[in-house]
Amino acid sequence: MARIDLKSLAHSYFPDPKSDEDYALRRMEHVWEDGGAYALLGPSGCGKTTLLNIISGLLTPSHGQVLFDGKDVTHLAPEDRNIAQVFQFPVIYDTMTVYENLAFPLRNRGVDEKRVDARVREIAGMLDLTGKLKQKARGLGADEKQTISLGRGLVRDDVSAILFDEPLTVIDPHLKWVLRRKLKEIHNKLRPTMVYVTHDQVEALTFADKVVVMYGGKVVQLGTPQELFENPAHTFVGYFIGSPGMNIMDCKIDDGAAWIDGQRIGLSDRHLDAVSKQSGKIELGIRPEFLTLETGTAAKGADGVEVNIIKVEDLGQYKIATTRFGASEIKVKLGEDEQVIGQSGILRFAPEWTKLYADSQLVA
C-alpha cells in the first residue's frame, strides 16, 4: 500500500482558466498516509469525483502532482499505478462463476493458483460469498453483483490503493449497512490504503479514519469524524455534518458579547480575542446537541435567550425542538424523556461549544 501526496494539485476543464470559478478542483496540498481509510465527502458537483479520477489516472490534472510513496505518477495511466477500483455499478463477468470473478484480477497477473485459491476464499468469507462461489454471476441480484465487485477490488494485496466511487449506491439499505461494517473490518485487518467517494455523511463517518470534506472545488476540512463534529472548520462542515446540522446565525460583536436579533449571547475571552482580529462577515454556530432548552418553571435566570417553541418532533431515542427568536430558527436536541412545557422557553448556549466564523472560516 502507498502513501498518497497531492502537491499543489488543481484542475480546470477549461483550456485557459481565468479565475478560481473556472476550476473544478482548486489548489490543494495534502498527505494521505499509507494504510489509512479516507472518505471524500461532499454534495454533487463539489469536485470529489474529479479528485478521485486524478488519483486513479483517469484524468490528468491541470496543475500539480500526485505521488505514490514519493514516486510521481501524475502522467501514468491507471494500469501503471497498481491500483484497484470499485465503481458505482457492478463490473463483473456474468458468464463466470463468483469464484472465477474474484480470481480474475489475480490470475490476470500470473499469481500462483494456491495463492489465488487462498485469497479468493479469504475475501469470499469476509463478504459472505462462500456459499455462492460456484454460482454463475448472471443469476445473482444487483446487491450480490456489487458485493462481487467489492471483492474484486479487495482481492489483490499488492496494490498501492483501493479507490471506491460511491460503491453502495445500488445496494439495499440493510445490506449497505452490513457492507460498510465489513469494509471497516477488512480495513482494520488488512490495512490497505482506501479512498472512498460518497455524498452520504453516514457512509463517510462510519467507514473512514479521516474524512475529506469538499465544497465548491475545495477541501474545506480534513479530520476525524469527531473533529468534524466537535470543531467544524467551515460553516459548510457545520451544517453538512450532523442530523440536524449546526445552527448558524449572523451576529454582531459588541460590549463583550454576540448579538443576534437584539438578544445577547455571552462569549469567552478566547472568542473575543480571536474575533477582534477579523473584519469579514461574522457568524455564530452551535450544534443542537450543545444547547439547553428550559421551559415551564425552570425557564428563568440570566444568561439565556428567550425563544418561542415552534414544534417538537419525537424521533424515538431523542427529540428535536425547533425554536425561534427574531428571524433566527434554532434546532435543539433533547433527550427522549425531556418534557417541553408551553410554547416559550429559555435557550442556553454552552460557551465551550459556541463557535465563531468570519467569512465562513472558523476563528474561535
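Two strands are said to pair if DSSP finds at least two bridges between them. In this predicted model, that condition is met by strand 3, which covers residues 37-41, and strand 9, which covers residues 210-215, and the two pair in the parallel sense over 4 bridges. One place to look for this pairing is leucine 41, whose bridge partner in strand 9 is valine 213.

Strand 9 also leads on to strand 10, residues 218-223, to which it is joined by 5 bridges, with the two strands running antiparallel. Here methionine 214 has valine 219 in strand 10 as its bridge partner. The hairpin made by strand 9 and strand 10 has 2 residues between the strands, and within this hairpin glycine 216 takes a positive phi near 60°.

With these strands located, the division of the chain can be considered. The domain assignment of the protein chain gives domain 1 as residues 4-240 and domain 2 as residues 248-362, and the C-alpha centres of these two domains lie 38 Å apart. The contact between them takes 11 residues from domain 1 and 11 residues from domain 2. A UniProt record, which is an unreviewed entry, lists residues 4-241 under "domain: ABC transporter". In the model, that span is 35% helix and 23% strand, and its end C-alpha atoms lie 25 Å apart.

At the beginning of the numbering, 4 strands form an open sheet in the order 2-1-4-5, with antiparallel pairing. Its edge strands are strand 2, residues 25-32, and strand 5, residues 71-72, each of which pairs on one side only. Strand 1, residues 4-11, is joined to strand 2 by 5 bridges in the antiparallel sense, and isoleucine 4 stands opposite tryptophan 32 in strand 2. Across strand 1, strand 2 and strand 4 (63-68) lies helix 1, residues 48-56, which runs at about 125° to strand 1. The loop between strand 4 and strand 5 holds aspartate 69, a residue other than glycine that nevertheless has a positive phi, near 50°.

Further along the chain, attention turns from strands to a pair of helices. Two packed helices are described by the angle between their axes and the distance between the axes. For helix 4, residues 142-154, and helix 5, residues 173-190, that angle is about 10° and the axes are 12 Å apart. Angles under 35 degrees count as roughly parallel, and therefore helix 4 is described as roughly parallel to helix 5. The residues of this contact divide into 6 nonpolar, 1 polar and 1 charged. On the side of helix 4 they are Asp143, Thr147, Leu150 and Leu154, and these meet Leu175, Leu179, Leu183 and Ile186 in helix 5.

A residue from a loop can be followed into this part of the chain as well. Phenylalanine 89 is found in the loop between strand 6 (83-86) and helix 2 (98-107), and, when residues up to four places away in sequence are not counted, phenylalanine 89 touches Gln146 and Val170. The C-alpha atom of phenylalanine 89 is separated by 9.2 Å from that of aspartate 165, although these residues are 76 residues apart along the chain.

The loop between helix 8 (235-240) and strand 11 (247-250) contains proline 244. A cis peptide bond, with omega of about -5°, joins serine 243 to proline 244.

In the later part of the chain, strand 17, residues 305-314, has two partners to examine. With strand 18, residues 318-325, strand 17 shares 6 bridges, and the two run antiparallel; the bridge partner of glutamate 313 in strand 18 is isoleucine 320. Their hairpin has 3 residues between the strands, and in this hairpin glycine 316 takes a positive phi near 95°. Strand 17 also pairs with strand 20, residues 344-349, in the antiparallel sense over 4 bridges, and there valine 307 has glycine 345 as its bridge partner.

The last stop is serine 360, found in the loop between strand 21 (355-358) and strand 22 (361-362). Serine 360 has a positive phi of about 75°, although it is not a glycine.

Terms used. Residues are numbered from 1 along each chain as its sequence is written. This is a predicted model: local features need pLDDT of at least 70, side-chain atom pairs count only at pLDDT 80 or more; totals for chains, interfaces and linings use all residues. Side-chain values use heavy atoms; hydrogens and water are left out. Axes are lines fitted to C-alpha atoms, for helices over the stretch in contact, and angles run from 0 to 180 degrees between N-to-C directions. Angles under 35 degrees count as roughly parallel, over 145 as roughly antiparallel, 65 to 115 as roughly perpendicular and the rest as oblique. Contact means heavy atoms within 4.5 Å. Ala, Val, Leu, Ile, Met, Phe, Trp, Tyr, Cys and Pro count as nonpolar, Asp, Glu, Lys and Arg as charged, and the others, Gly among them, as polar. UniProt positions are given in the numbering used here, feature names are shortened, and annotations may be inferred rather than shown by experiment. Domain bounds come from an automatic or database domain assignment.
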